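Please look over the sequence and the coordinates shown here before reading on, and keep the residue numbering at hand.

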Amino acid sequence: MALATTFGASLAVLINALADYTANSTRRFDTGVAAHTSGNIYGLAQCTPEMTVIDCRNCLSNSIVVKAMSFNGKMGASVIQICCNFIFDDRKFFLGDPMV
């Protein structure tokens with residue numbers, strides 16, 4: 001991904017990319033990394049396998065919109081819903097290479 005100048009801009013790019021890739025993945029699971037001037041942000045998004053592409057994307061989007069205000073200035077957070085999850089941190093918390 002392209003280098004963004006601020007943590008918030010990088011986080012927005014990562015969130016949107018992960019939501020799109022996860023919704024369109026048959027696994028309904030993806031990890032990603034976005035670079036910014038002070039380092040990297042790592043993310044993970046997941047939907048339950050039976051969800052449609054639209055339902056998965058909407059679940060992730062709605063979760064992110066609802067919690068976006070609490071992300072301000074945080075270097076890590078998680079949104080855990082019944083049907084979808086999103087996690088980000090400035091430290092890598094998953095094994096393997098990012099998928100996005």
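The paragraphs below go through strand pairing, then disulfides, then salt bridges. The coordinates come from a predicted model, and the distances, angles and accessibilities quoted here are computed from it.

A convenient place to start is the pairing of strands. Strand S1, residues 29–36, and strand S2, residues 39–47, run antiparallel and are joined by 8 bridges, and the connection between S1 and S2 is a hairpin of 2 residues. To fix the register of this pairing, one can take alanine 34, which stands opposite isoleucine 41 in S2. Strand S2 also pairs with strand S4, residues 84–89, again in the antiparallel sense, through 6 bridges; here the register can be read from alanine 45, whose bridge partner in S4 is phenylalanine 86.

Cysteines lead from these strands to the helix H2. A disulfide is a covalent bond between the sulfur atoms of two cysteines, and a search of the whole structure finds 2 of them. In one, cysteine 47 and cysteine 56 are bonded with their sulfur atoms 2.1 Å apart, and the angle of 85° about the S-S bond makes this link right-handed. Cysteine 47 is buried, because its relative accessible area of 3% falls under the 20% limit, and cysteine 56, at 0%, is likewise counted as buried.

The other disulfide joins cysteine 59 to cysteine 84, with an S to S distance of 2.1 Å. Since cysteine 59 lies in helix H2 and cysteine 84 in strand S4, this pair ties together parts that are 25 residues apart in sequence. The link of cysteine 59 and cysteine 84 has -85° about the S-S bond and is left-handed, and both of these cysteines are buried. When the bonded cysteines of the chain are numbered in sequence order, the pairing reads 1-2, 3-4.

Why does cysteine 83 not form a bond with cysteine 59? The closest cysteine sulfur to that of cysteine 83 is in cysteine 59, at 5.6 Å, which is too far for a bond, because a disulfide requires the sulfur atoms to be within 2.5 Å. Cysteine 83 is partly exposed, with a relative accessible area of 34%.

Charged side chains supply a further set of contacts, and the structure holds 4 salt bridges. One of these is formed by the side chains of arginine 57 and aspartate 20, at 2.6 Å from N to O. This pair links distant parts of the chain, with arginine 57 in helix H2 (residues 53–71) and aspartate 20 in helix H1 (residues 7–24), 37 residues apart. Aspartate 20 is partly exposed, at a relative accessible area of 36%.

Another salt bridge brings aspartate 30 together with arginine 27, the closest N and O atoms being 3.1 Å apart. Are its two partners buried or exposed? Aspartate 30 counts as buried at 4% relative accessibility, whereas arginine 27, at 48%, counts as partly exposed.

The side chains of aspartate 90 and arginine 91 also meet in a salt bridge, at 3.8 Å from N to O, and salt bridges that share partners join Asp89, Asp90 and Arg91 into one network. Within this network, aspartate 90 is partly exposed, with a relative accessible area of 31%, while arginine 91 counts as exposed, because its relative accessibility of 58% is over the 50% limit.

Terms used
Residues numbered from 1 in each chain as written. Predicted model: local features only at pLDDT ≥ 70, side-chain atom pairs only at ≥ 80, totals over all residues. Heavy atoms only, no water. Pairing = 2+ DSSP bridges. Helix = DSSP H or I, 4+ residues; strand = E, 2+ residues; numbered from the N terminus. Buried < 20%, exposed > 50% of the residue type's maximum accessible area, 1.4 Å probe, protein only.
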